[in-house]
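Grab a coffee and open the viewer: here are some exercises to work through with the structure at hand. Try each task before you read its solution.

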Amino acid sequence: MLTRSIAPSLNVNRAAPGAFGPVEPFFGLTGHAGLIATEFTYRKDEEIYGEDEPAEYVYQVVRGAMRTYKLLSDGRRQIGAFHLPGDVFGLESGTKHRLAAEAIIDSTVRLVKRRRLEHAAGTDVRVAHKLWTITADDLKRAEEHILLLGRKSAMERVANFLLEMDRRLTVAGTMALPMCRRDIGDYLGLTLETVSRALSQLNDEGVLGFSGARQIVLRNHQRLRNMDI
């Protein structure tokens, strides 16, 4: 679902600023093919696309954060991934989106037509290789998420999440989480209360500290790594 465009048509060779400096447009994908991308802005909790909607575009986060999720038959929500500045999402093997996507906070995304990207991949081996790399990385992350949900305890899941976000979000020693604890629980397959208890326990044990409602400082990385086995 497309909403307000903030840049009607731009050559994606021009990088836009993200949370950690300029975000390279689609990891250089479109620079080789001379494709045109468009930037859109989405408000907090606004839908980018719905489950089973046609997969007509491929997206990249420029600013903000996205979640992709599926609503289960009993009404529960399972978040499949969090997408942060620079991440590409919405690349499907079929013609429809398997998950829905929403903005976690006010966000900007860059998008290109899927069919144009596929055409470029058919004529430019560099674009094809980049698409293969993105797909392989998505598959690896999905496999790791399945293992986390199926084989790890609640504390191990929270430790794994904190280490992942530390790699992707920490700036100057502080991790500013865009997602709330309910989002974290829906990603880890845990209740809000379980996530809160785990974070409080880690805080009491000196493994982490809170410098704000969603700002975390990890004080003992090795302890977390020992939990995430």
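**Exercise 1: a small sheet**

Task: Find the residue in β14 that Met 175 stands opposite, then work out which strands of that sheet stand at the edges.

Solution: Start with the pair itself. Met 175 stands opposite Ile 216 in β14. Keep in mind that you are looking at a predicted model.

Next, step back to the strands. β12 and β14 (residues 215-218) pair in the antiparallel sense, over 2 bridges.

Now add the third strand. The order is β12-β14-β13 in an open sheet of 3 strands, and the pairing is antiparallel. β12 (175-176) and β13 (208-210) each have a single partner strand, so they stand at the edges, and one side of each is left without a neighbour in the sheet.

**Exercise 2: the whole chain**

Task: Count the helices and strands in the chain, and say what percentage of its residues are buried.

Solution: Going through the chain, you should get 7 helices and 14 strands. For burial, 47% of the 229 residues come out as buried.

One extra number helps with the rest of the exercises. Take the contacts with a separation of 6 or more: residues 24 or more positions apart account for 73% of them.

**Exercise 3: strand β10 and its partners**

Task: Decide whether the faces of strand β10 are covered or not, and find what stands opposite Ala 101.

Solution: Take the faces of β10 (residues 100-103) one at a time. Ala 100 and Glu 102 sit on one side, Ala 101 and Ala 103 on the other, and all of these are buried, leaving both faces covered.

Then look along the strand for partners. β5 runs antiparallel to β10, with 2 bridges joining them. β7 (residues 66-71) also runs antiparallel to β10, and here there are 4 bridges.

Finally, zoom in on Ala 101. Tyr 49 stands opposite this residue, and so does Thr 68.

**Exercise 4: following Tyr 49**

Task: Classify the ring pair of Tyr 49 and Tyr 59 as stacked, tilted or edge-to-face.

Solution: First get the geometry. The ring centres of Tyr 49 and Tyr 59 are 5.3 Å apart, with the planes at 40°. Stacked needs planes under 30 degrees apart and edge-to-face needs over 60, so this pair is tilted.

Second, place the two residues. Tyr 49 lies in β5 (residues 47-49) and Tyr 59 in β6 (residues 57-63), so the pair ties together parts that are 10 residues apart in sequence. Both Tyr 49 and Tyr 59 are buried.

Third, widen the view. Tyr 49 and Tyr 59 belong to one aromatic cluster together with Tyr 57 and Phe 89. In total, the structure holds 7 aromatic pairs.

**Exercise 5: two helix crossings**

Task: Describe how α4 packs against α6 and against α3, and sort the residues of each contact by type.

Solution: Begin with α4 (residues 154-169) and α6 (residues 192-204). Their axes come within 10 Å and cross at roughly 75°, which makes α4 roughly perpendicular to α6. On the α4 side, the contact is made by Ala 154, Met 155, Val 158 and Leu 162; on the α6 side, by Thr 194, Ala 198, Leu 199, Gln 201 and Leu 202. Sorting these gives 7 nonpolar, 2 polar and no charged residues.

Now turn to α3 (residues 125-151). The axes of α3 and α4 come within 9 Å, crossing at roughly 155°, and the two helices are therefore roughly antiparallel. From α3 come Arg 141, Leu 148, Leu 149 and Arg 151, and from α4 come Glu 156, Arg 157, Asn 160 and Arg 168. The tally for this contact is 2 nonpolar, 1 polar and 5 charged.

**Exercise 6: three aspartates**

Task: Locate Asp 45, Asp 52 and Asp 186.

Solution: Asp 45 is in the loop between β4 (36-42) and β5. Its phi is positive, about 70°, although Asp 45 is not a glycine. Most residues other than glycine have a negative phi. With a relative accessible area of 40%, Asp 45 is partly exposed.

Asp 52 sits in the loop between β5 and β6, and has a positive phi of about 75°.

Asp 186 is in helix α5 (residues 181-188). Its relative accessibility is 18%, so Asp 186 counts as buried. Leaving out residues up to four places away in sequence, Asp 186 touches Arg 77, Gln 78 and Ile 79.

Methods
Residues numbered from 1 in each chain as written. Predicted model: local features only at pLDDT ≥ 70, side-chain atom pairs only at ≥ 80, totals over all residues. Heavy atoms only, no water. Phe/Tyr/Trp six-rings, centres within 6.5 Å; stacked < 30°, edge-to-face > 60°. Buried < 20%, exposed > 50% of the residue type's maximum accessible area, 1.4 Å probe, protein only. Pairing = 2+ DSSP bridges. Axes fitted to C-alpha atoms, helices over the stretch in contact; angles between N-to-C directions. Parallel < 35°, antiparallel > 145°, perpendicular 65-115°, else oblique. Contact = heavy atoms within 4.5 Å. Nonpolar A, V, L, I, M, F, W, Y, C, P; charged D, E, K, R; others polar.
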